[in-house]
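Here are a few short exercises to work through with the model open in your viewer. Try each one before you read its solution.

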Amino acid sequence: MSEIVHVGMAEYKICASPQKITTLGLGSCLGVVLYDSAVKICGMAHIMMPDSAKISYKFNRMKFADTCLQDMYRDLLRGGARPAGLIAKLAGGACMFSQNPRLDILNIGKQNVEAVHKVLKEWRIPIVSEDVGNTYGRTIEFDTVTGELLIHAATIGDRVI
């Protein structure tokens, strides 16, 4: 049985095969997995906010898409991941605070997804699958052996991407 690494809100962790890695309670928060299948190393981030530049009090870099992904990417490369070998899988980013998902100011989930898309596009890291948006929360678990991301949503059930 493999060890399961737990990622808390506003943090990221790195793990390698045969470990699994999980984060709970993704509502508007976004779970981001960066994975190098050749080296079997991955990082998972639990991102709360899209952009550190818009917040004056930044006591935790891991809250924000831009700064969290920078730090996680750096640590993945230090751990042996190859920039050209990385792929991404995303889950979460739901609209939890508004009855109208089109109200972007209240749709933090959508803003998180857009911010992560922007960073990954700049870094040329392909998003190979994602389960984002909608109005329900998710818990995710990534398997470094298979490269599969299990998504559990209480109202929807389980799926693998």
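**Exercise 1.** Which helices each supply at least two residues of the lining of the largest pocket?

*Solution.* Keep in mind that this is a predicted model. Start with the lining itself: P50, D51, A65, D66, Q70, E114, A115, K118, V119, E122 and W123. Next, set that list against the helix boundaries: helix 1 covers 65-78 and helix 2 covers 108-122. Helix 1 and helix 2 are the ones you want, each with at least two lining residues. Helix 2 gives the most, with 5 residues.

**Exercise 2.** Work out how the lining of the largest pocket splits by class.

*Solution.* Go through the lining residues one by one; D51, E114 and K118 are among them. Sorting by class leaves you with 5 nonpolar, 1 polar and 5 charged residues. The space they surround has a volume of about 200 Å³.

**Exercise 3.** Which elements give two or more residues to the largest nonpolar core?

*Solution.* First, find the core: it has 24 residues, and V32, L34, I47 and V116 touch the most other members. Then trace the contributors, which are strand 4 (30-36), strand 5 (41-47), helix 1 (65-78), strand 6 (86-92) and helix 2 (108-122). Helix 1 brings the largest share, 6 residues.

**Exercise 4.** What does V116 touch, leaving out residues up to four places away in sequence?

*Solution.* Pick out heavy atoms within 4.5 Å of V116. That gives you L30, V32, I47, A65, L69 and L90. Finally, look elsewhere: another core, of 16 residues, lies apart from the largest one, and its members include V7, I21, L26 and C29.

Terms used
Residues numbered from 1 in each chain as written. Predicted model: local features only at pLDDT ≥ 70, side-chain atom pairs only at ≥ 80, totals over all residues. Heavy atoms only, no water. Core = buried A, V, L, I, M, F, W, Y, C linked by side-chain atoms within 4.5 Å. Buried < 20%, exposed > 50% of the residue type's maximum accessible area, 1.4 Å probe, protein only. Helix = DSSP H or I, 4+ residues; strand = E, 2+ residues; numbered from the N terminus. 1 Å grid on protein atoms, 1.4 Å probe; cavity = no way out; pocket = protein on both sides within 12 Å on 5 of 7 lines; lining within 4 Å. Points joined across faces, edges and corners; volume = space filled by probe spheres on them. Nonpolar A, V, L, I, M, F, W, Y, C, P; charged D, E, K, R; others polar.
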